[in-house]
Structures are given as structure tokens and as C-alpha cells.
Amino acid sequence: MSSDELIWRIAGGSGDGIDSTSQNFAKALMRSGLDVFTHRHYPSRIRGGHTYVEIRAADREVQSRGDGYNFLLSLGDSFARNPQEEAYYGNEEIKPLSENLDDLREGGIIVYDEGLISDEDVEEIDLEARAEENDWHVFPMDLRGLAREHGREVMRNTAGVGVTAALLDMDLEHIEDLMSDAMGGDVLESNLEILHEAYETTREEYEFEHDLRAPEGTHDTEQALLSGSNAIAYGAIDAGCRFISGYPMTPWTDVFTILSQNFPDMGGISEQVEDEIAAAALAVGASHAGVKAMSGSSGGGFALMSEPLGLAEMTETPVVLIEAMRAGPSTGMPTKPEQADLEHVLYTSQGDSQRVVFAPGNIEEAYEQTRLAFDIAWDYQIPAIIIYDQKLSGENTNVDVEFFDRDVSPDLGSTLTEDELREAAHDNSGKFKRFNYADAENGVAPRSIPGQKGGRYLATGNEHSPVGHISEDPDNRVAQMDRRLEKLESIREELDEERESTQTYFGDETAEYGIITWGSSQGAVEEAVSRLNENGHSVKGLSVSDMMPFPEAEVTEFLESVDEALVVEMNATAQFRGLLQKELGRFGEKLTSLLKYNGNPFEPAEIVEGYEVNLADEDREPTAQVRIEPAAGD
Amino acid sequence: MSAFNAIGEDREIDRDEFTPGVEPQPTWCPGCGDFGVLKSLKQALPEVGKTPEEVLTVTGIGCSGKLNSYLDTYGFHTIHGRSLPVARAAKLANTDLEVIAAGGDGDGYGIGGNHFVHTARENHDMTYIVFNNEIFGLTKGQTSPTSPKGHKSKTQPSGSAKTPIRPLSQSLTSGASYIARTAAVNPNQAKEIIAEAIEHDGFAHVDFLTQCPTWNKDARQYVPYIDVQESDDYDFDVTDRQEAAEMMHETEDVLNEGTVLTGRYYVDEDRPSYQEEKAAVGELPDQPLAERYFDEDAEWERSYDLLERHT
């Protein structure tokens, strides 16, 4: 007997090993043949504070977190601050139990560490009464004691996994294998002992009255468990990027870390520098000198990159920047996702924007679009930006290993060799006409690299003549500006005609209602659309990745085909809908927004409900913490 | 085979090669000290055997930022205060390039101060010339980080309440391994110092006094200048950090009283450059990274080979 899906939540304090334990458990579920999807929730603290990771596992594709969850392993917060009377933060020790109860589904399982969480505290939160009301099955276990007895106290998460496996009737094989890969010696021995002891004790001590069991499944091909940050980093590696410069900031740090760890072995260069202005300026300098370079940050750090970004636009220096959004404004909520930097990324820096922006919707897209960003940037000599968020950055899902079996593309695009430079146009003094609008194809004027014979020119952030001299001549200005902007039109043409669309469609093609979203909200919308169709509604979905240049034709076709559309995004001011209305104003009256900005990503049920209340006009108020922004004129 | 054949070319080099054939008229005012920097570079570069196309001159914003408009090398005229991070990366990307960064005192010691401190700290192998005219020239004469206390300008109508920055002392504290001050009024010394700075392995910082006759002082106010190496009144060891620090401090103090001291202040030939340090920890490839992109036989590692840790 197996269940349709398991959504296992492990909760504890920061420092309790939630991340590594969940990573291994997710892998074990993947190895058992299931598709998995993880969601990480954590505070901006090194130690303590309520944190959890949720793993959704099923014998089918899972692209989103689920609605609520059905198994809680609560370790308690072993780094909790000592609660003063009426402390602002309350009793933190029990939060990994108490804060998670609202989302636990009926019939769900609770395992908590009674070695850390006291009986009095449990009584205070009325667990017994709530369990009865919701038909929860509660298993208090002395995980701490068990760990202490066979090893060290920090190993109580292993005890928790053992209890989990017993209750779900899971084979321990994959879990043991993963432990053996990760550790050795006494540590491994103790952990294995704890795992088995917890497993046996659970089976001996309790009679199982719960229905939930681990789902069963199989994979035809080998799977790899990766996060969005992995995918972006690997996309960069396969695009031939070998230079990264940065400054730490959550959540962009993940990509920076992955590449810093891998580049030295690949002959690449990673530079951690004094600030984000320098970080972006270094990427521009490295690219100018002939390497494929990138930088990135999150909102606040990206703000500092505005000027180097504009410099890259004006000097036509190819560069890839990535922006990992988190809840703002200012420092905002550093570890919580939001999609509120869209306008920032599209328009920051003075002058007319001349950049490319992609917003991948899932892990495969993060890889593909990072590669695409490098291709476009180097072919067209333009900055390209990947905008994603804390959600996509940290979520893990399984991907077919063969997906990554590709060649590297280190090609520098429209860069000339010395042989080609000999044939290129020069002025009377032998200076290379690097910004030559006369012969530019698609707006692109090929470039040289310092050190090449016959290629010297001046790159400047000032408006400039074909050889790069500062120029304020009106005719030259218009010619250069038009040439640079022509590149965006050519890129749009290439994306429309020569490449596979980066937009994702789902649902019933003939449907009269649509849901539009962008970036990492894609998975939740996809699931909501399929659920609505199952519930008898006729709905289709579109997730847009090309933010600039905007995919006008594709979105027009979609909006023309529906009577109304719900625009789903994680921000408070409907920024993507604003972009839709800027690009396609005539559809304004069809667009209603569903907004969420409480620091948690959408659950599919919230979108289903948003649709039913707003588009299907069901007579009830939405219960979730989301906001509706009615269509223009409503 | 290199993709960059201008680098290391062994031939006679004429200083006129550094003058653009289609020369834009300099926007510098008559009598401007900036001409002195341009001239010293045109003299020094052929002397140290550098051709125009193996040199990348990276500048900031201001009158000084126009340097590479009039010096015919590869050039990158960047944004205000950011010449150093751009220059640094170009050198890391292609360690065979000769990289020279330049900017004004507002550019380097004000808005770009953070980059100055860190580039010196890391001891990147490059030359950094600061056109120090003790004023913001291009924006019409505002008080700058090196303007003396009491300096009156349109934005400091009652006279500046701030003591000026100490560029030489700051450079030393930060970690630069070659530090000198020269002046446009002393072309021979300027040329020699620029040549030494280019040849130095590590971060060579030259504080270059460039009079601004329009908004500040004319050339006469930097005369007489004293070369601290040649004058009998000064005796210190340029390789001794303590002695260098004292000499710098005095030099910075007396400039505002009208005594112009110039010369080499600190030379540390032993400190490895950042490029050497980074290579030593295995984080800088032996072959310049830029070469690899032109090498058709280069092997490129794939992400596919990293997947084992994810299965």
C-alpha cells in the first residue's frame, strides 16, 4: 500500500542540520524512483530561528510545492534564545512544532523530539486537542536521547529520519547508501546505529493506525537532484563562462559559491571583491579583455551594479548578470522570495534600456536560459540578465542526467580574430572602426580584443564615433543609438524564428480563460491549471520568460484567445502586469492580478481559489493571504 | 600560437605611434598639467618597449578620463571612479597585457576610494596614475578630496572644513608596492617615474600633480619643486616602510604650505603581485585565460562531469 504523494516537512532551528538531512532524504526518495521537489523556508540567522524544508515526492512530475503537507518531523530548535517572560520572540524551542501545525493536512503525521520539546510546552499548545480534531497521528520520540546513547546529540536528525522511514514503511537501503557516501569511520557507524535503532524502536513501540505510506515509483533513466542555483551555475559552465566576480548576498551567494568552487579546477577565475560596483565592473573588464564573464547579486547589490550595467550597454561589452530576488524594499526579508525586482532589473541605470532579460520558470529553464543569455550576449554584444528568486535558487528537483550531456560553447560570438581584423575597416591612422554603423548586420559591429594586432580602439561610456572617440554630433548619435536598439529587434527576431520558445504553455488550448505568470511562480500555476481543468473549468496557462525584448507576438496570441486572464506574481504592485500593459495596452481590461507578498511562494490551491473567486465569479472571499488587483476600468 | 600578436613584439617603437593619426583636439585648457601626463607616457612607453596595441589604458571620468582619447593604445574610458576594477579584471583575464589605469583625485580618492584601497591591498600588477589637481576641474572648480582645508569654491562658500586626504600615506597603508609623486612641471622626473611604475611588478601608484590653471593654480605654483631623492635636505630609505611613511606625511603636510616635494617614496620589489599570489594558490591559470578562447584545441570541462554529486 502506498500513498499518492508524500510531503515531508523537517523543521528545526538554523544549525540543526535541516538542510543536509533534507537533501539526503530527498535524494533517497529520488533513488527509490520518485520525482521530488523541495521548498526551503529559513530565517536570516546563523543559529536558531524556525526553519524548515519541505520535500514533495510522488510517482509523477512535481513542479511545485503542494497545498499544505502531510508529515512533520519536528526536531525543535536546539539553538533557541532563552525565552524571557513575554519575550518578543516567544518560546523558540517549540516553534518548529507549533508554527507548522496550521498547514498540516488532516490525517497527517507528527513526529517530534520529546528529548528537546518538553511535555509542558506541548500541553500549552493544545496539541492533543488539535490532533484529535484533525485526525493527526502524533509520535513523540526521544530523538536526542537516542542520538546521545549511540553517538552524539547532533545526530538526532538521523534518528528522526529512522522514525520517518519506519512510519512510512520505507526501505533503509537508499538512506544507508547516501550516509556511506557522505561520511566514514566512527561517525558513519554511529549514524547507522542510530538510524536502525530509531527504525526498530518505532516499529516496536507503536501500532500504526495511519494511512500514509511512501509512494512507490520508478525512473527509466538516471536522475540528478539539483537546485535552481546549480542549474544556473552549470549553464554558465557549459556556455564557456570561466570568470565570475561577486560579493556575498543571499540568495545569489549560492551561484557564486558553486562557481568559485569549480572554476579553479577548470582553469577559470573567481574574484570576491570589495563591493557590487566592483563586481560588475570586473565582469565588464574581463569580458573586454576577451573572456566570457559574469557577475550577479540580489536586489540591493544589483542596485550598485546599475552603472557598470549601463557602461556595458554603451560600450557594447557582452556580459551576463544574474539577479536573485528576495523580498524588499531595502534589506526587506533577506531569506524570503518575492518577484518585486522586475522593474528594477528592466530599467535601472540611466538612459534607454538596451539589455536582454530572461526569467526562467524552473530548473531546466534556468540552465537553458543561462546558456541562451551567454549566446545572445556574445553574439549581439549586449548585457543579458537572468532574473530569478530565493525560491528557484533554493528549490531542488530531479532532472534526467542525460539532459546535461551537451557540448560546451566557448565561442566569443561576434569577436574578430587577427586575420579577420586585417580585412576590417580602419580609419586613416589605423584605428579599428569597432563601432562601425556603416556595415553593421543586425545592428552588431564586430569587436576586437586588446592585445590583438590591428584592433586598437577606444571603448567609452560617452557617445562615440565609429573608432570610439567621444562625439556629440547629432547624426552620429542617432545612427549609433538606432544601431544599438536594432540589436534588440534582431534578438527578438532570432528568438521568435530560430529558437525554441522560452515561454511555457499548459492547459486546454481551446480554453476561454487564461492564467499568466512569469519566473518561478510557473510550477504552482501549472499545477493550478491542471487542477482547475480536472474540476471542470476550462483554463489555460502561459508562463513568460522573455522580459526584454518582450515576446509581443506570443503573448498577443494568447491574450486574443481568451476572454479574461488572471496575472499571478509574487509582488504587491503587479509589476509584470504593468509590463504587459506597457507592451500590450489594449488588453488592459482583460487582466486581473493575483498577488502574494507575505514571504512565502504561492501554493497551487491559492491560485485555484483566486481563479474561482475572480474569474469564475464564485461568491466567496479568498481565504489565503493574497491580494486581488482588479482589471483596469473595473 | 598566441591570438594576441601585438603582445611582446620585438621592434623599434617610435613615440609618435602613441599619437593618434586622426588626433582629436584635446579638450584640456592651455597650460593644463594633464598634457604633462600624456607626454610622459608617450616617452616612457617606447622606452620600456611597449607597443600601442599591447597596452590597455583604462580611465575614469573627468578631464583626466580623456587621457586615452589622446594616447593611441587600446583604451577603455569607463565611469566615474571605476577604472581600477575594470583594469584589474582585464589584467586577470589576460596577464600578458600591459595595463595602465588613470583618473583624477576626485575619481580615485573620492568616489573610487574603496577600489583604490582594495586594489592597492591586493597589489594588482598594474600602474595607476592619479591626476591630482586638488580640485574638480571639469565640473568647474568644486572642492575635491585633496583640496586644502579652507579651500573656497561654489560648493564650499565659507571654505572647506575638511582636511585633505593623504594619498601617499593611504596608498602605503593599503599595500601598494610602488608609490611616487611627480609633477607636470617636472617632465624628466615624470617620465622616469612613469617608466619605473610600468616596469614594477605589483601595484604602482603615481600621484601626479597636474596644475589646473583655469580653476585652481597655474604651473608656477608648483615651482620650485624639490626631488626628495636629489635634495640634500631629505634622507630616507625608500625600501623602509617607517621612513617612507614619515616622508610621505611630511610631503602631504608641506604641499598645502607651498612646498612641492616629489620623488619615489616607497618601493617594495619583494612583495609578490596579486597575480603571483593567486597563481600560487592554484586559482589563476598558467596560460592567460583570454588565449584559451582563441585556442581551437582547448579542452572545456562540462557540467555533465560534475553530476555524480547530485545522483
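**Figure 1. A helix of chain B that sits inside.** In this predicted model, helix H3 of chain B covers residues 83-93, and 11 of its 11 residues are buried, so this helix is largely enclosed by the rest of the structure. To count as buried, a residue needs 20 or more other C-beta atoms within 10 Å of its own. Look along H3(B) and you'll find Ser83(B), Pro85(B), Arg88(B) and Lys91(B) among the buried residues. Leu84(B), Val86(B) and Leu92(B) are on that list too, and so are the alanines Ala87(B), Ala89(B), Ala90(B) and Ala93(B).

**Figure 2. Chain A, taken as a whole.** Before zooming in further, get your bearings: chain A holds 22 helices and 22 strands. Its radius of gyration is 27 Å, close to the 26 Å that the globule rule gives for 634 residues, so chain A is as compact as a globular protein of that length. If you drew a box around the C-alpha atoms along the principal axes, that box would be roughly 90 × 60 × 55 Å. Of the 634 residues, 56% count as buried. Now take the contacts in chain A between residues at least 6 apart in sequence: 77% of them link residues at least 24 apart.

**Figure 3. Where domain 2 meets domain 3 in chain A.** The domain assignment splits chain A into domain 1 (5-205), domain 2 (225-404), domain 3 (418-480) and domain 4 (504-629). This view is about domains 2 and 3 of chain A, whose centres, taken over C-alpha atoms, are 28 Å apart. Domain 2 brings 8 residues to the contact, and domain 3 brings 7 residues. Which helix gives the largest share of domain 2's side? That's helix H13 (residues 306-315) of chain A, with 3 residues. By class, the side of domain 2 that touches domain 3 has 4 nonpolar residues, 4 polar ones and no charged ones.

**Figure 4. A six-stranded sheet in chain A and two helices packed on it.** Here 6 strands of chain A make an open sheet with mixed pairing, and the order to follow is E16-E18-E17-E20-E21-E22. Strands E16 (504-507) and E22 (627-629) of chain A are at the edges with a single partner strand each, so one side of each has no neighbour in the sheet. From one strand to the next, the twist averages 20°. Inside the sheet, E17 (residues 513-518) and E20 (residues 564-569) of chain A pair in the parallel sense over 5 bridges. To spot one of the pairs, find Ile516(A): its bridge partner in E20(A) is Val567(A). Helix H19 (residues 522-534) of chain A packs on the sheet, where it touches E16, E17, E18 and E20 of chain A, and its direction makes about 170° with that of E18(A). Helix H22 (residues 604-614) of chain A packs on the sheet as well, touching E17, E18, E20, E21 and E22 of chain A; the direction of H22 makes about 145° with that of E20(A).

**Figure 5. Chain A meets chain B.** This contact takes 61 residues from chain A and 56 residues from chain B. On chain A's side, the elements that each supply at least two residues include strand E7 (223-227), helix H9 (228-238) and strand E8 (243-246). Helix H11 (276-288) of chain A gives the largest share of that side, 8 residues. Sorted by class, chain A's side has 30 nonpolar, 19 polar and 12 charged residues. There's strand pairing across the chains too: E15(A) and strand E2 (residues 74-77) of chain B run parallel, joined by 3 bridges. Leu458(A) is the one to find here, opposite Gly75(B) in E2(B).

**Figure 6. Some backbone oddities in the loops.** Most residues other than glycine have a negative phi, and most peptide bonds are trans. The peptide bond from Gly328(A) to Pro329(A) is cis, with omega near -5°, and Pro329(A) is in the loop between strand E11 and helix H14 of chain A. In chain B, the bond from Val223(B) to Pro224(B) is cis as well, with omega near 0°; Pro224(B) is in the loop between strands E6 and E7 of chain B. Asp169(A) isn't a glycine, yet its phi is positive, about 60°. You'll find Asp169(A) in the loop between helices H6 and H7 of chain A, partly exposed, with 13 other C-beta atoms within 10 Å. Glu316(A) also has a positive phi, about 55°, and belongs to the loop between H13 and E11 of chain A. Is Glu316(A) buried or exposed? Glu316(A) is buried, with 23 other C-beta atoms within 10 Å.

Key. Residues are numbered from 1 along each chain as its sequence is written. Chains are lettered from A and ligands numbered from 1 in the order in which they are written. This is a predicted model: local features need pLDDT of at least 70, side-chain atom pairs count only at pLDDT 80 or more; totals for chains, interfaces and linings use all residues. A residue is buried if 20 or more other C-beta atoms lie within 10 Å of its own, exposed if 12 or fewer, and partly exposed in between; C-beta atoms are placed from the backbone. Helices (H or I, at least four residues) and strands (E, at least two) are DSSP runs, numbered from the N terminus. The radius of gyration is taken over C-alpha atoms; the globule rule is 2.2 Å times the number of residues to the power 0.38. Two residues are in contact if their C-beta atoms, placed from the backbone, lie within 7 Å. Domain bounds come from an automatic or database domain assignment. Ala, Val, Leu, Ile, Met, Phe, Trp, Tyr, Cys and Pro count as nonpolar, Asp, Glu, Lys and Arg as charged, and the others, Gly among them, as polar. Two strands pair if DSSP finds at least two bridges between them. Axes are lines fitted to C-alpha atoms, for helices over the stretch in contact, and angles run from 0 to 180 degrees between N-to-C directions.
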